[in-house]
Amino acid sequence: MIRKISVQDLKPGMEVVRMSSDMWTHLPYLYTKPGVIESEMQIHRIRQEGYLDVFVRYEIPGSTESEEERLERLILDRTSKAPAKNNAPFHEEFRNARKAYDEALHLTRRMVSDVKMGRQVDVEATGHAVEGIIETAARNPDALICLSKLSRYDSYTYAHSINVAAIAVVFGEYLELPKDELLMLGMAGMLHDLGKTAVPDRIINKKGRLTPREFEEVKKHPTYGRKILEKSGNIPQRIIQAVEEHHEKFNGSGYPSGLRKDDTGVFGRLLSLADVYDALTSDRSYKNAILPNKALAIMYGMRDQDFCSSEVQMFIKCLGIFPSGSLVRLDSGNLGVVLESNPQRPLLPKIKVILDEDLRPIPAQLVDLAATETPTVSIVECADPSQYRINLKPYLQSPR
Ligand SMILES: [Fe+2]
């Protein structure tokens, strides 16, 4: 498995992994030259050059478990019972989810432009938009999660805020947070990056690696966010705190204040999980999206560093090994798209089979892998839709 570690913990013999498609490669303090570390001298040089973190391949002695098997074991090991879900059929709720999502997106565009012109945040409209998200998430969280994976990278700036709100709300419902807390969590999600309006566009939209100076400027956006929200006057303190803490990390290596887990509020930590998951699984101008199951494996590798171990495990359990919207290859050779995850039986989601083994479209067939005691087909692996040039959107939108 792959883990992010401090360069202080780097040792000769460790293999550095580039993570070429991940969202950190443009950061100035991440060492990304791949290969095996050969000497203490090399480590000394890396530290001297100012790098702080590095991704390494991390082998567990005697273990032959794949990342997916490890996730499966972790999830199945948990004794807590997953809450009931999916009251409404996916295809019915998808339309409602789209409406709530589009309303929130429209509001976010307006709000960003308002804030740039020095106007106050429209708290009432934000609450209303989040209520729509909470309602659709309660009826069928998979429709919302799926929708969050369909946003285009050119509208990322706006869509990301809605995605973070949606993912955080789905996770909050999974944790059975009361409605008033869900509302605050969702609002914090929608507002979490508002501080970026105070950072120059040329830095926010830069495609290449940021200079240390530019990165220092980006690191101020949670503080700028707090100031913008405080100016609005009537925003609950827990929302403001979550916005300011969404880049703090479990081990105190985050920003802007370097707070450790125990010094942060739970909302900020939930936002941070949703924020990283959405960033990893989204197309950006400088990187392609990572498959949802790979993103969860990477996030698991960041436990005890970026994330609290039990919280990231719960997050993985909530989204499932095959989150809705994933393309999967079956042992029959056919390809299908995951419509609904199954928290009780994570390897057995509901899927829509869409292509045969030669990638020819076939009449879509809905299969609930958990419907029978011994499923006739099983999932072999996640597949990359862009590799097969498949647009999943029509398959997710149509009921059949
Ligand atoms: Fe942020």
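In the predicted model, A125 is placed in helix 4, which spans residues 123-139. Beyond its neighbours within four places in sequence, A125 is in contact with L107 and R110. The C-alpha atoms of A125 and T108 lie 9.9 Å apart in space, with a sequence separation of 17 residues.

Helix 4 belongs to a chain with 15 helices and ten strands. Of the 400 residues in the chain, 54% are buried. Among contacts with a separation of 6 or more, 68% are accounted for by residues 24 or more positions apart.

The model includes an iron ion, whose protein donors are D193 through OD and H221, H246 and H247 through NE2. These donors lie 2.2 to 2.3 Å from the iron ion. The spacing of the donor residues in sequence follows the pattern D-x27-H-x24-H-H. D193 is located in the loop between helix 7 (179-191) and helix 8 (201-204), while H247 is located in the loop between helix 11 (237-245) and helix 12 (266-280); the pair therefore ties together parts that are 54 residues apart in sequence. Both of these donor residues fall under the 20% cut-off for burial: D193 is buried with a relative accessible area of 12%, and H247 is buried with a value of 19%.

The angles among the four donor atoms of the iron ion run from 84 to 175°. A four-donor site counts as tetrahedral if all angles lie between 85 and 135 degrees, and the site of the iron ion is classed as irregular. For reference, the ideal angle for four tetrahedral donors is 109.5 degrees.

Helix 12, which follows the loop holding H247, takes part in two helix crossings described here. Two packed helices are described by the angle between their axes and the distance between the axes. The axes of helix 6 (residues 156-174) and helix 12 come within 8 Å and cross at roughly 130°. These two helices are therefore oblique to each other, and helix 6 passes helix 12 in a right-handed crossing. On the side of helix 6, the contact is made by Y156, H160, N163, V164, I167, A168 and F171. The residues contributed by helix 12 are L270, L271, L273, A274, D275, Y277, D278 and A279.

For helix 12 and helix 14 (residues 309-319), the axes come within 11 Å and cross at roughly 55°. This pair is therefore likewise oblique, and its crossing is right-handed. The contact involves R269, L273, A274 and Y277 of helix 12, together with E311, V312, F315 and L319 of helix 14. L273, A274 and Y277 of helix 12 thus take part in the contacts with both helix 6 and helix 14.

Helix 13 (residues 292-301) has nine of its ten residues buried, so this helix is largely enclosed by the rest of the structure. The buried residues are P292, N293, A295, L296, A297, I298, M299, Y300 and G301. Within helix 13, N293 is buried with a relative accessible area of 3%. N293 is separated from F322 by 29 residues in sequence, whereas the C-alpha atoms of N293 and F322 are 6.0 Å apart in space.

Terms used
Residues are numbered from 1 along each chain as its sequence is written. This is a predicted model: local features need pLDDT of at least 70, side-chain atom pairs count only at pLDDT 80 or more; totals for chains, interfaces and linings use all residues. Side-chain values use heavy atoms; hydrogens and water are left out. Donors are N, O and S atoms within 2.8 Å of the metal (3.2 Å for Na, K and Ca); water is not among the atoms, so sites may look incomplete. Four donors count as tetrahedral if all angles lie between 85 and 135 degrees; four count as square planar and six as octahedral if opposite donors are over 155 degrees apart and all others between 65 and 115; anything else is irregular. Helices (H or I, at least four residues) and strands (E, at least two) are DSSP runs, numbered from the N terminus. Buried means under 20% relative accessible area, exposed over 50%, partly exposed in between (1.4 Å probe, protein chains only). Axes are lines fitted to C-alpha atoms, for helices over the stretch in contact, and angles run from 0 to 180 degrees between N-to-C directions. Angles under 35 degrees count as roughly parallel, over 145 as roughly antiparallel, 65 to 115 as roughly perpendicular and the rest as oblique. A crossing is left-handed if the near helix is turned anticlockwise from the far one by less than a right angle, and right-handed if clockwise. Contact means heavy atoms within 4.5 Å.
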